[in-house]
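Student: Please take me closely through one part of this structure, starting with its charged side chains and going on to what surrounds them. I am new to it, so explain each term once.

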Amino acid sequence: MVRKASRHVGKFTLTRKTKQLKRSYHRPHPARTIVTRSRSTSSGSFFHKLPPEVFRMILDKLSVFEISVFSMASKEITGYVVDYISTLAWRNKMIIENFHHNTCLEERLTIGHYRDLGLLFKRSTLLLPTKDRLRFIFSRFSQIPCFRLERCLTADCIGFSTYGVFLQTLIAGWDERECHRVFNFLCDHTNLLQKIEAVITGKPGVWWYQELQLRLFCRQVLLDPWSNQPDCQFWLALLLKPWPMVSQAHLLFILYGPLLPEATLGWQDLVERGLPHSSLWDLARAILLLFGKQEVSDRTASSMLTILEELIVIPQPWHVENVARLLVLCGNGLCYTVLASKAVNGRFLEISRLIVYIILVCEKDGYHMSWAVKLVRQICKVFSTAPERFLFIQHLENMFSEVTREIFEFSIAGNHFDDRETFQSLCILLDASARFHAKFLHMFLR
């Protein structure tokens, strides 16, 4: 009996202690209360309670990229960050104005820094209207000499390319209407349209420094930073739109024409001699950017032909080999459009000379001769009657003889260019003629 009583007493005692422990465990501890961000909004956040000097010390320890991420934490934090980056001390410390570096590593670090600055200003001004965002941002950067036209004379300055990376990072994802406002804002603050007008209304090559500055600014700030083709097309169309066709062709040449080693545009070189395909590739790429996809462009075939016709006579009619090489680089579609237009208008001599030089370019640059044969066959289909087709072929054959004779006479007469180069062109033309006619005859004998 005693054992049972003692066992029951022990059991009862443990049960009471357990209940007491459970009750004491679930009792809230007043010293462990956690203040969340949602609770703190009514009485001020944690950072609101900090002295401004301490908060700035915290921001001073963060990188530009970290501050950009931090600025998205809340609306209140965004306001703190905007105040912080508006100070003169922060600007003097973080907005680097030295763009003349000796090493590639320094250049990469500077460009990366401005990419982070683009993110910071993009995120910290997210709640502002577009006009206010632009005014706030460019008031910090518009006075940097290396970001302005005709203000920096250093040849290896990376100011424009850095500015382009900053701008591309800043406005990536903005809609077309906002990008229009950015373009108008830049034009107002840089007098861009006035500078373009002064250059394109002058004689080519006279204002060579202004031409080069305009090319570098537009290419490195507005065009080249965009890897996406529609974005680049958008900005190029904005640059060309205010001007008539003749001026558009002039501006297109300034932006994408061949650049000589001495940093001047090769206006006369296109007139006097044939240039390699590398000199014309940028210009062909720009033409394809504007007219290669008609479904995304409001430009018609007639406007394309007009610009091309104006382009190949600036400053004087180009060497025919350069015209042919540009058409080959533009591809089958644009090349056929240009030649077919001439064929419809009965310009047999002009189209025949162009085709002969296209065949020469194919041989020189390593293109398949079958492409030229197919092109001629397509042009033949433009003519509705057999006599017209025969007349076209007759002009083409006569032109082979005429161009061959011209190059030979030019070779033996002596000129200021290398005679060996001219004689080599003659040999290449003879080889090209043989290959073309072999492919052409094979097409009919199959």
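Tutor: R347 has a relative accessibility of 31% and therefore counts as partly exposed; buried means under 20% relative accessible area, exposed over 50%, and partly exposed in between, with a 1.4 Å probe and protein chains only. The model is predicted, so local features need pLDDT of at least 70 and side-chain atom pairs count only at pLDDT 80 or more, while totals for chains, interfaces and linings use all residues. Residues are numbered from 1 along each chain as its sequence is written, and side-chain values use heavy atoms, with hydrogens and water left out.

The side chain of R347 meets that of E350 in a salt bridge, 2.9 Å from N to O. The term stands for a side-chain nitrogen of Lys or Arg within 4 Å of a carboxyl oxygen of Asp or Glu. E350 is partly exposed too, at 33% relative accessible area.

A further salt bridge joins E402 and R353, whose closest N and O atoms are 3.2 Å apart. E402 belongs to helix 23 (residues 386–413) and R353 to helix 21, so this pair ties together parts 49 residues apart in sequence. Helices here are DSSP runs of H or I with at least four residues, numbered from the N terminus. With 30% relative accessibility, E402 counts as partly exposed. Elsewhere, R219, D224, D282 and R285 are joined into one network by salt bridges that share partners. R273 and D269 also form a salt bridge, at 2.9 Å from N to O. In that pair, R273 is partly exposed at 33%, whereas D269 is buried at 16%. The count of salt bridges comes to 14.

Helix 21 leads on to the nonpolar core. The largest such core has 133 residues, and F121, F141, L192, L222, W235, L252 and W318 have the most contacts inside it. Helix 21 (residues 348–365) contributes the most to this core, with 11 residues. A nonpolar core is a set of buried Ala, Val, Leu, Ile, Met, Phe, Trp, Tyr and Cys residues joined through side-chain atoms within 4.5 Å. In soluble globular proteins, nonpolar side chains tend to be buried together.

Another helix to look at is helix 18 (residues 301–311), where S303, M304, L305, I307, L308 and L311 are buried. The elements covering these buried residues include helix 15 (245–256), helix 17 (277–291), helix 19 (320–330) and helix 20 (332–344). There is also empty space to consider. The whole structure holds 1 cavity of 30 Å³ or more. A cavity is a set of points on a 1 Å grid where a 1.4 Å probe fits but cannot get out, and lining residues have an atom within 4 Å of a point. The largest cavity has a volume of about 80 Å³, volume being the space filled by probe spheres set on the points, which are joined across faces, edges and corners. Its lining consists of L305, L308, E309, I312, V323, L326, L327, V338, K342 and L354. Helix 18, helix 19 and helix 20 are the elements that give two or more residues to this lining.

Back in the core, F141 touches I95, Y114, L117, F121, F147 and F166, leaving out residues up to four places away in sequence; contact means heavy atoms within 4.5 Å. F141 also belongs to one aromatic cluster with W90, F99, Y114, F121, F136, F138, F147, Y163, F166 and F185. Two members of the cluster, Y114 and F147, are buried, at 0% and 2% relative accessible area.

Aromatic pairs number 25 over the whole structure. Rings of Phe, Tyr and Trp (its six-membered ring) pair if their centres lie within 6.5 Å; planes under 30 degrees apart count as stacked, over 60 as edge-to-face, and the rest as tilted. F55 and F70 have ring centres 6.5 Å apart and planes at 45°, so their pair is tilted. F55 lies in helix 4 (residues 52–60) and F70 in helix 5 (residues 64–70), 15 residues apart. Both residues are buried, F55 at 8% and F70 at 19%.

Technical notes:
1 Å grid on protein atoms, 1.4 Å probe; cavity = no way out; pocket = protein on both sides within 12 Å on 5 of 7 lines; lining within 4 Å.
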